[in-house]
Amino acid sequence: MKLTSIDDLTDEIVGKKGTVERDIFEYDLRMDIIGTMIKEARIKQSMTQEDLGKLLGVQKAQISKLENNTKDFRIGTIIRALEAL
């Protein structure tokens, strides 16, 4: 059985580092991780999406989109969310 590293598989399936496809993949992955971190921190603090939204001055729907990576957000919004939590 031949073993393949995760990096080799990613190169093969997504594209080599430095390609547009790989850059988009890595950006989306980072945003998914950040959204998950925000959601987990919010839940640990027993906050609802609405609570966090009020703290940041945004709607509950925007928090949901941030946590689920369904919309592009400004880095400032992400940082404020992390600081609030």
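Buried means under 20% relative accessible area, exposed means over 50%, and partly exposed lies in between (1.4 Å probe, protein chains only). This is a predicted model, in which local features need pLDDT of at least 70 and side-chain atom pairs count only at pLDDT 80 or more, while totals for chains, interfaces and linings use all residues. Residues are numbered from 1 along each chain as its sequence is written, and side-chain values use heavy atoms, with hydrogens and water left out.

**View 1. The whole chain is built from 5 helices and 0 strands.**
Start here to get your bearings: from the N terminus on, the elements run α-α-α-α-α. (Helices, H or I with at least four residues, and strands, E with at least two, are DSSP runs numbered from the N terminus.) The chain has a radius of gyration of 16 Å, well over the 12 Å that the globule rule gives for 85 residues, so the chain is more spread out than a compact globule. (The radius is taken over C-alpha atoms, and the rule is 2.2 Å times the number of residues to the power 0.38.) Along its principal axes, the C-alpha trace spans about 50 × 30 × 20 Å. Of the 85 residues in the chain, 25% are buried. Among contacts (heavy atoms within 4.5 Å) with a separation of 6 or more, 47% come from residues 24 or more positions apart.

**View 2. Helix H2 covers residues 20–44.**
How far apart are the end C-alpha atoms of H2? They are 36 Å apart, which agrees with the 36 Å that its 25 residues should span at 1.5 Å a residue. (The expected span is 1.5 Å times one less than the number of residues.) Look along H2 for its buried residues: Arg22, Met31, Gly35, Ile38 and Arg42. What covers the buried residues of H2 includes helix H1 (6–13), H3, H4 and helix H5 (75–84).

**View 3. Val20 and Arg30 both belong to helix H2.**
Val20 counts as exposed, at 58% relative accessibility. Its C-alpha atom is 26 Å from that of Ile79, and the two residues are 59 apart in sequence. Further along H2, Arg30 counts as partly exposed, at 48% relative accessibility. Arg30 and Asn69 are 39 residues apart along the chain, and their C-alpha atoms are separated by 9.7 Å.

**View 4. Arg42 of helix H2 is in contact with Glu67.**
Is Arg42, a residue of H2, buried or exposed? Arg42 counts as buried, at 7% relative accessibility. Set aside its neighbours within four places in sequence, and Arg42 is in contact with Met47, Thr48, Gln49, Leu52, Glu67 and Leu85. Now turn your attention to Glu67, which sits in helix H4. Glu67 counts as buried too, with a relative accessibility of 5%. Beyond its neighbours within four places in sequence, Glu67 is in contact with Gly35, Thr36, Ile38, Lys39, Arg42 and Gln49. You will find Gly35, Ile38 and Arg42 among the buried residues of H2.

**View 5. Helix H3 packs against helix H4.**
H3 takes in residues 49–56 and H4 takes in residues 60–67. Their axes are 8 Å apart and meet at an angle of about 105°. (Axes are lines fitted to C-alpha atoms, for helices over the stretch in contact, and angles run from 0 to 180 degrees between N-to-C directions.) H3 and H4 are therefore roughly perpendicular to each other. (Under 35 degrees counts as roughly parallel, over 145 as roughly antiparallel, 65 to 115 as roughly perpendicular and the rest as oblique.) Which residues of H3 meet H4? They are Gln49, Glu50, Leu52, Gly53 and Leu56, and their partners in H4 are Lys60, Ile63, Ser64 and Glu67. Pause at Glu50 in H3: this residue is partly exposed, with a relative accessible area of 44%. The C-alpha atoms of Glu50 and Asn68 are separated by 15 Å, with the residues 18 apart along the chain.

**View 6. Ser46 and Asn69 each have a positive phi.**
Where does Ser46 lie? Ser46 is in the loop between H2 and H3. Its phi is positive, at about 55°, although Ser46 is not a glycine. Ser46 is exposed, with a relative accessible area of 66%. Asn69, in the loop between H4 and H5, is likewise not a glycine, and its positive phi is about 50°.
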